[in-house]
Structures are given as C-alpha cells and as structure tokens.
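Biologist: Could we go through this structure together? I should like to ask about its side chains.

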Amino acid sequence: MKTFLMGLCLLPLLLLLPLQAPAQQEESDGAFTVENTESASGKLTPESAASLLAQPVPETADARYALLQRQLVAARTVEDRVRHIDILKQLIEAGAQRPNGDLWILDYLNAEFTWGSSGKALNASEQYVSNTSLPLGTRAALALRQTYFAAQGNDRAVLNRYWSRADALSTEALKLGNAPGRIRVERLQVRSEIERFQGDSAAAVATLRQAVGQARKELQLARAKSKNPQDPAALEAYGWLDGSLGMLTYALIRQGRPQEAIDIAQANVALWRAGQISEGLGARWNYRLANGLLSTQQFAAGLVAARTSDDMLQRAGASAASHTRWLARQELVRALIGLKRWKEADASYREFLSSMPEDALARTRASDWRLLALLAAENGRFTEAQQLVERIHRYRVRLYGNNHPQTQEAAGVRAVVRLLQGDVNRAMGDYDALFAATLDNPAGWLDLNQRGVRGYVLGIAFDEFMRYVSDRALKGQAVEARMSDRAMQIADRNSLGVTQSALSDSSARLMANTPALHALLEQEQSQRQVVAALVTKVNESLMAEDRTRRATQTDEFKALAEADRKPLLDKLKEIQAQIKSQQGDVNIARTQLITQRDAIAKQFPAYADLVTPATPKPEQLQRLLSAGEALLVVQPAETATLVWLVKPDLPTQFLALPLTREDLARRVSELRALMEQGGTQDSTAVAPLVQLHALYKDMLLPLEAHLNGVRSLIVASDGPLAGFPLAALVTAPAIASAAPSWLVRSMAVTQIPSASSLLALRRTAAPAAAAKAMLGFGDPLFKLSQTSAPRLEVGDRKAKRLGGALAASAAKYDAEWGFRYADVPPLPETRGELLAIATALGADTGTDLILGAKATRRAVLEANLLDRRVVAFATHGLMPGELPGISKPALAMAANVDPNESPLLELDDVLSLRLNAQWVLLSACNTAAGEKGNGAMSGLVRGFFFTGARSVLATHWAVDSDSAAALSSATFVAYAKGAVTRGESLRQAQLAMVDGSLGAGQWKHPYHWAPYALFGDPAR
C-alpha cells in the first residue's frame, strides 16, 4: 500500500481563548477601568443609557455622586468617549474625601490617554503623583501610569526620571502588602517599556510574559471571590490581562515573532466578531492585527484591519490626539505605503495631522519627519520634502557626525527625495551613506531607529533604488557595476526577511547561555546605553545652544550695551565648548562600542552571522567559488525580476527580466501544482514540459552562454523560487522521440537562503569529517496509552498545551490547541527510509537509529551529534503559522508522558545543538518551502547551518514513501563512495530515477525526484 509523508497542516484546528471573555468591559493600553457600583453588570440598554445621560445632575453631593456613577456606566454602554471622560473629571471632584474616591483619578487618566488627549493625560499626572495626601497604593499606580504615558514620547531623560519615582513608590507599596494587584501587573508593563527604550526586545518580551502570567493569577483570584462574571474586580483583572496581551503583540513583532502576535490578535478579533468583547476593545485588536499583518507584508489584509479600527474609533468619538487613534491611523498609512498608494497615504496622514488639537505628546508621536518627507516626495512636492530632510540632516550631522547610522539614515531619506526628483548623481552619493550604514556595517544595524531605517524607510529607500536600476536595465540602458553590485547586496538583505529576526532572537537568547558570549553581550548592551546617554546630553546641549543663539539675534539683545551682551555671549561660548567636549566623549564611547562588537564577531562568528549577517559584494563571493561552480542570485521585484550570475573566472553578469513578482509567483504555483499531480496519477504521466521550458527560456536562457562549464549551480532566491526545484527546468523544447532535457542533466543545483549564507559557510575551512556515519530519528510515536498520555481535547480547559514552554503560564500564546497530539498522523514508513539510509552508510541499525517512542525531543537534545556525519529526522515538519502559537519552525517528535515536556523540537532547540554533520536530512512535509512574508526558506534549515551542519536535504512537497526511501538511500550510497560532492551525489540519484535505473522506470515523473532540495554548501 502506497503511503505519503504529510504535514500537520491537514489537521482541523479550533482556536479558543483559555479564559472566558466577559460580555462587556472597558480598556486602555495595558490598563483597565471599571466603576465601583453594582451597575457594572452591564444590563443597561442603549435606550436606558441615553435616558440616564439626559438627566440633569442634582445639586446635593450624595445624589450627584450616585447619578454620575450611573451616567458613567451609561456613557460606556453607548461608547460615548467624550462624555465618558467628562463624567470621570466630575467624579474626581465629587469623590474627593470619599472611600475609594481617589480611584477615579486613575480611571480619568486612562480614559483621557486612551480616548481623549494623550498629552493632557501626561501633563495632568504630575499633580496627582506628587499629592502626598493620596494613599501610597494610588500614588504608585499613578506614577506607573505617568511613566507609561511618557514612554510613548521620545524624551529619555524625562522617562528615566518618572521611572525612578514610579519604581520607588511601587516597590514601597508592594513591601507594605496593601497594594492592589494591578500594581504588580503594571509595574511589569512599564518595565517592559523601559527595556524597549533600551533596545532590549528579548527582555521586553520576557517581562510582558510575566505580566500576562501575573494578570492571569489576578483574574483567577478575582473570579474565585465572586461567582458573578461581571464583578467589577473580575472585569478589571480581565482588562489587565487583555492589556498585557496587547502590549505583548507589539513586543513580539519587534522581536521578529510576528506570526505569534498575529495569532493572538486574530483570536481576539474573533471574540469581538462574536460579540464577546466591546467595540472599543475590538477596535484595538484590529489595529494590533494590522500591525502584525503589515510586518509580514500582508498589506491588503492589514489595510482592512486598520481601516476597520480607525472607523470604529471615529464612531466612538476617540480624539485625534488619543493613544488609540494614532495607533490605528499609523497602521492605515503604513498599509497604504506598502501598497504604493502614495496619494491616499499622503491624504490620510495630512488629514490626521491637521485634525489633531494642540497636544505636545500626540504631535511628537505622529509628526514623523521621515513620513512627511517621503510622502511629500512621492507625491511630487519636492521643495517641501527637500527643505525638511535638509534640516534634519544638518541637525544630525551636528549631533552625531557624518558617519553615524542615524546621520546616514537621514542621508538615505534625502536620497529617495533626490532620486524621485531626478537628481540621480547627488542621490547616489546619499545612497552610498545609507549603504555604508546598512550593507557595509552589519553591526551598525543595531543602532538604527526601528521607527526609521529598520521600519518603513529602509524598504522605501531600497525599493526606489531597485526600481531605478531595474528600469534602466529593462530599457537596455547601461547599469554601472557599482549600482548592480549594490542592488545585489540589497537583494541579499531583503531575502533575510522575518526569518532573520526570529533566528536572531533565538540565537541571542540561547547563545547568551555561553558564559564568554554572555559577558560580551552584556558589555555591548551596557556600552550601547552609555553611548545613548551621552548622545542625549549632546542633544540637550545643542538645543540649549540653539535657544541661546536665537536670543543673541533678537533686536532687544542687539540694542544692549556691549557689557550687557557679554554674559549671554560667554554663556554661548561655554555651551559650545561643552558640546565639543561631549561630542568627544560620544566618539570615544562609540569607538569602544565598535571594538566590543568586533570582539563578538571575531570570537563568535556563527552568532554574528545570524544576528548581524554581512551582505557580501560580488567580488567577495567570487573568491569563495571554485572552478565549475556558479552562484545565481534571483530577486523578484514589483516590475521585474533581477538576476545576477557570479562565477570565479568572469565579471558578474546582471540582467533584469520582464517578469514581475506576481507573474513569477503565479507561474511557479501552477508548475508546482502540475508536478505534484504526479503523486495522484500514473507516475509515468507526461510532466508539464512546455511550461518548464518556458520558465527556463525566460529566466536562464539569456545566461546560457555564461553557464557553459558550470557543473554546480548554487541558487540564492527570494520569494516564489525559494520553494521551487530549478533542477526540474527543461533546457530545450520537448521532442516526442527524445527524453526531456532536464537542467539536472547538465548540473547539480543547490539552494541557499541568501548570498550571505555562502560567506558564512565558506569563510573558514570545513572541520574534519566526524568519525561515525549517522544518527537518525524517525517514526515517532505520537499516541501514548490512554492512561499515560495527556489529552489535548478541544475545549478542555484543564488540558495541557502542546509544548513545555506552552505549558507554562503565558509562555507562548494564550490560545489552546484545538487537537490532541495523539491525533497526529503516524509515519511508520519513515522507519524503512531510515533503515535504507543506515544500510547505505554502513551504520548500525540497532544503535544508530532512534525510533518510535524513543524518538523524543529530549533524545535529540541529549544525543552526542558532534561525531556523526549524517543526522536524519524523518517526521512531520511544522512551519510558522501552520498551528496556532507556532511562530518558528519545528519538528514533531515522540510524545512524552510528562505534560511539561515538549514534543516539538523547535528552532530554539535546534540552535542549541552542536553538530559536525556533512548532511542533515529532513524527511518531512514542506520543510524547504518558502515562508510567509517571502522569506527565502525555512528558518529550520538555516538553524541547522548555525549548529555546524554543512548542508540540509529537505523536500519542497509531500513525497511518496517508497520513492523517498529509494532516492535518499541512493544519494547516500553515491556520497559514501567518496568520489562526488554532496550536490553531485543528489544529482546522480535523481538522474537514476529519471533514466529508470532506480525504480524500474516507475519514478521518472518529477513529482518523485524533483522535490528533493539540497540547501547549503554542495561541496566543502
């Protein structure tokens, strides 16, 4: 009976929140407010709420206080945010000197910040925090809120001052034991904001996970005290849990885990659609979802979510100066930019700014000079764009000097403006500065502003450069080598995508466990903060210099006698001398920072390759190639597909093909579908030869003359081609009487995720081969006995989550798995495949294969893999997004009776392994497939490079078990002979199937042999 190796993507899933959402509640980012009355039951109808709001407020104090509380509930019921804020201000006055009356202050500040004026909330905080007559717990909570508000601005000095006071007050309140539970949660939330400011995204995520866990405990305690699901304390606790999750989504995206954030947001949007949470909360989850979608380049879907959120907030009366409106509008503008709808983006942004009242904090957040300049330039307002960017560039030169990444960022924005204006020569000069910061100085990437270069600026600047280069090439105009070389580096940087961030995150946390590296990383982080603090001082001095200079230019000053002018002039000279001294301190500190980073890269090159990968130039790559090898780099773009061919003995060839990304994706998808049909019909059926030759003709025929003599083609491609086997292209028109001229007949084809991977793999000589042949893990047992296996039933609130990390509170993601791990389809056929490979390599099938119930994650982690030339995994592969909560790739290993022991070998686990393997075999479903966001290939494959593997053999689609075993064993038989490279050994096995000598002719169809892809170094 024929069987197929399939992935978990076929399992039906149900996504549920672990804790039932209340019918209605109020929210603020990280905060929650609720009235202290029995009216919180939410039984008011819109009609009765409107009637309540129409009642005049009584003169007598008690009656006034009672009605205001009822009207607050009414305002929330109809989501009248303007009235909501006004009533809270009245309640502060009416509740003075009453029991718990001070809590209205917190409610007001949260509502003002969330729905009204964020700047007004920040400014109003101080009078309350400094009021020593208020209870300590209230002052601590107020101080934490004030710090959170300040963290949304950009004044680091103010933020640090507020945090120092909030930290002290909350510590004291917690020691006394009478602080409300919210303080524990909010303290963690605010601490995560401080860590965000410090650039430590991993610490921010870890802190927010603690906040989620603490909020969960508070919710459980509140619900245990009351059976009423609408109890105010329970509602408040739920709000803090929800706010912590909201903050976590942003932190996860900054850390490179967008799919996990998207999963959380989608689950909550589903609750809103089901009517289980309020409109206000639903609006917020929509803009959080938009943020995640846009980070994975899902611009159309992101625009829908952002527009939904913005419309909802407008209907609710949220002010343009509020926290929520800016977050929603920001995503809307970003989505329009991603879709290249420049006119709409410009109109939306300008309309929003013009509607904003006077509010320093709100304007600081919303008035992004980069957006203003880029949108002006893209819409033809070049004078406006030029004046703005010149002013910013001049100031950054004063602040940082010419060679700092922040100055180079400003030069990059100016480059776009100049290029769009047609000033090509000066634009290229500015681009050189941007390239120096982003392409030539990998470590400098850490200094770039996430809102700026590491956000949308880099994408726009690179896109415009690539458009200019491709347009010239498509028109047949000459493209200077320095331009095409830079374009190739950009293609390499683009191919890193979301996977790079996830790998950086995993490697940073895991490698930090290495004591020597841990110490270096701590020193680098500390030195980065020293530099930031010194730059802040220079910035303050420059502003003081500007103020003083302006004072010396007034008519009043000029009218003074010389003696009276002298004090101010002396002060100006003193400030200028101070600036010079401070800039010297910055330069010294920055030199120390660069030295520190160089030490990390020198002592731990593998870590540097993942966190700050270099983007090599063609001449660097030429020196890495041997005779008979060539590197093909393919970058699909919006209007063209750019191709580079790098050989060791010829100048780099560059051309632009009239194939758009969309066209290429469509053709690849159709071809894959046609080839995969070979598994459901007669395996000798005719393959789509015409279409395969057409793609070869369009892509490689222009380079055919330069491919003469190439026996090993290494392909680095982004987007659609990352999941397509180029070896199956047909090099000549099909002739009925002749065998197809597959590309694999001419050369071995190997894939790498990016050109920089070749640099990482070949920078140093490969270590000596390991002593033992192989170690294989396969046919894992997913279903244990009913008495020992945890049941992961749909809707079972007591069920353990899949994965050790997931079993811990808030460790991954607050959605339950909607299936039982025992329901994962077994893979008994993989046992035969591993036995065949072991026999081919001369391994001991008794000791070198770990099968069935023994093939656990723990078995992999505890195995000595350094002495094995081949490490094989024959099991299901999971890609990001295939299951809820899976934001990184993983392999499904055998179940474990311990519910806290994960059955998944995740990317973090892979990066902790130490290998000296010539091969890693991943016989799993689609482990080589391209990822969401057009990532070049599975992060799992790249993870194995990091561990010390030289190459990874994976599959592009689900494969037939019989042909899989035959091809894998034939590949390793050829390699075991020692006469061929890894790439050539796979090629020989594929040709044996093509020619019929392997499989007696039944596996000639490319469905059987084409999906096998060798990633990594084909030879060394």
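Biologist: Over the ring of which residue does the charged end of Arg 81 sit?
Modeller: Please note that this is a predicted model. The charged end of Arg 81 sits over the ring of Trp 115, at 4.0 Å from the ring centre. In addition, Arg 288 has its charged end over the ring of Trp 285, 4.5 Å from the centre.

Biologist: And how many aromatic pairs are there?
Modeller: The structure holds 14 aromatic pairs. One of them joins Phe 113 and Phe 149, whose ring centres are 4.3 Å apart.

Biologist: Why is that pair stacked?
Modeller: The planes of Phe 113 and Phe 149 stand at 20°, and stacked pairs have planes under 30 degrees apart, so this pair is stacked. Phe 113 belongs to helix α4 and Phe 149 to helix α6, 36 residues apart.

Biologist: Is Phe 113 buried or exposed?
Modeller: Phe 113 is buried, at 0% relative accessibility. Phe 149 is buried as well, with a relative accessible area of 0%.

Biologist: What about Phe 435 and Phe 465, what kind of pair do they form?
Modeller: Their planes are at 85° and their centres 5.1 Å apart, so the pair is edge-to-face. Phe 435 lies in helix α20 and Phe 465 in helix α21, so the pair ties together parts that are 30 residues apart in sequence. Ring pairs also link Phe 435 and Phe 465 with Tyr 431 and Phe 462 into a cluster.

Biologist: Changing topic, which residues touch the most other members of the largest nonpolar core?
Modeller: Tyr 431, Phe 465 and Leu 631 do, in a core of 157 residues. Helix α10 gives this core its largest share, 12 residues.

Notes
Residues numbered from 1 in each chain as written. Predicted model: local features only at pLDDT ≥ 70, side-chain atom pairs only at ≥ 80, totals over all residues. Heavy atoms only, no water. Core = buried A, V, L, I, M, F, W, Y, C linked by side-chain atoms within 4.5 Å. Buried < 20%, exposed > 50% of the residue type's maximum accessible area, 1.4 Å probe, protein only. Helix = DSSP H or I, 4+ residues; strand = E, 2+ residues; numbered from the N terminus. Phe/Tyr/Trp six-rings, centres within 6.5 Å; stacked < 30°, edge-to-face > 60°. Lys NZ or Arg CZ within 6 Å of the ring centre and 35° of its normal.
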